[in-house]
Amino acid sequence: MPELKEGLAGVVVAQSRISKVFGEEGRLIYRGYDIDDLAEGASFEETAHLLWHGELPDEKELQAFEDELASRRRLPDDVLDLVAGPLAEAHPMAALRTAVSALASEGPEPAATPEGVLAAGADILAKMPTIVGAHARARRGLDPVEPDEDLSHAGSFLQQLTGERPSEEAERAMDLALVLHADHGLNASTFSARVTASTLSDAYSAVTSAIGSLKGDLHGGANANVMRVLETIEEQGDDPVQHVKRRLDAGEKIPGFGHRVYRTMDPRAVHLKDWSRRLGEATGETRWYETIRAIEDFIREEKELPPNVDLYSGSVYRCMGIDIEYYTPIFAMSRCAGWIAHVAEQYDGNRLIRPRAEYVGDLDRAWQDIEDR
Ligand SMILES: CC(C)(COP(=O)(O)OP(=O)(O)OC[C@H]1O[C@@H](n2cnc3c(N)ncnc32)[C@H](O)[C@@H]1OP(=O)(O)O)[C@@H](O)C(=O)NCCC(=O)NCCS
């Protein structure tokens, strides 16, 4: 029996050209480009093009890609009715998962090929913000907002969420958050997408699997949980350090800290930290940033745990007035770019992903007829 690796930690299951996490250095690259350069210079649309095609687009290619995404934002009526009706009270990630699955009812089944997933992927990527925006509004009893083809992916999403044209600053911050979350090696949701694709299932199935994985507290759910901790501290009028200390003493993990691969500061957190401060100052809500800073210093000292991407993203979204429940769906809207790139890579030279378990259950039990059990 091969050695058991719990949580597949350290196991290499694929070769990939899409992104790499340098855990010791705190560095991340997409297709060879440093995340710091992309954060400074690339839009989310440019980033998705880079992840999907391996190259940064030239002006013409970028325009064509932006136009394609913008033209695909509108949801089919039955999917919009589903999101705003039966799914309105569902967990936002459950609603997103179901709505993406429902998109597959439109048009022919996408081919299990790199070309097939890129075509379907543009559709899914374009429509996810519309789903999230419509769901968030339905929950508040508001009608959905029509997508605006003249706005960027990030800008249109904010408008579909709030019903108002976003400020330049909010659009930039959302665009940056989408760039930073777009891919991250073979993380759990990406692995889910690749496992599904490896059976030669289709793009909608792969993304639906991935959304289910991202929903969990140990993965995409952590950004919302950070904000819940901050709110609890505020509601109780508690001291942030004492609060976190009590949680640690009770054996709890503190969301926003620790990582399977990073051993130092997550480079994405550096950018979000900066924006958390900037938006906090712009909106007069610096308390979130200040509380996080206090917790960050304490945990670093006490547990030697560096912050991850989720520590500051929630406070950035909070300063934009976004409900906590939608932080993970925003992560999904971004990571969808990476999922699609990975599914395309998986199809190219596919081998079924099928590990083994070490069986530790009973052996050789004697059969009993039902009346004797
Ligand atoms: C991300 C995460 C799941 C990585 O898990 P992992 O690689 O399996 O690492 P482990 O959970 O085994 O953690 C290793 C050690 O650090 C501790 N640790 C890790 N993250 C911690 C956290 N957020 N708070 C407190 N302690 C933590 C563990 O208790 C463990 O300590 P031990 O060796 O004394 O038992 C984990 O760090 C975590 O749960 N973080 C909080 C959730 C989160 O922010 N997720 C988003 C990730 S981007």
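1. Some vocabulary to begin with: two strands pair if DSSP finds at least two bridges between them. Strands themselves are DSSP runs of E with at least two residues, helices are runs of H or I with at least four residues, and both are numbered from the N terminus.

2. What you're looking at is a predicted model, where local features need pLDDT of at least 70, side-chain atom pairs count only at pLDDT 80 or more, and totals for chains, interfaces and linings use all residues. Residue numbers start from 1 along each chain as its sequence is written.

3. Start with β1 (residues 19-22) and β2, which pair in the antiparallel sense over 4 bridges. V21 has L28 of β2 as its bridge partner. The hairpin made by these strands leaves 4 residues between them, and G26 there takes a positive phi near 70°.

4. Next, β2 runs antiparallel to β3 (residues 33-34), joined by 2 bridges. Here Y30 is matched with Y33 of β3. This hairpin has 2 residues between its strands, with R31 in the turn at a positive phi of about 50°.

5. Which side chains of β2 (residues 27-30) are buried? L28 and Y30 are, and they point to one face, while R27 and I29 point to the other and are not buried. (Buried is 20 or more other C-beta atoms within 10 Å of a residue's own, exposed is 12 or fewer, partly exposed is in between, with C-beta atoms placed from the backbone.) In a regular strand the side chains alternate between the two faces of the sheet.

6. Elsewhere, L248 sits in helix α12 (residues 240-249). L248 counts as partly exposed because it has 16 C-beta neighbours inside 10 Å. Its C-alpha atom is 33 Å from that of G338, 90 residues apart along the chain.
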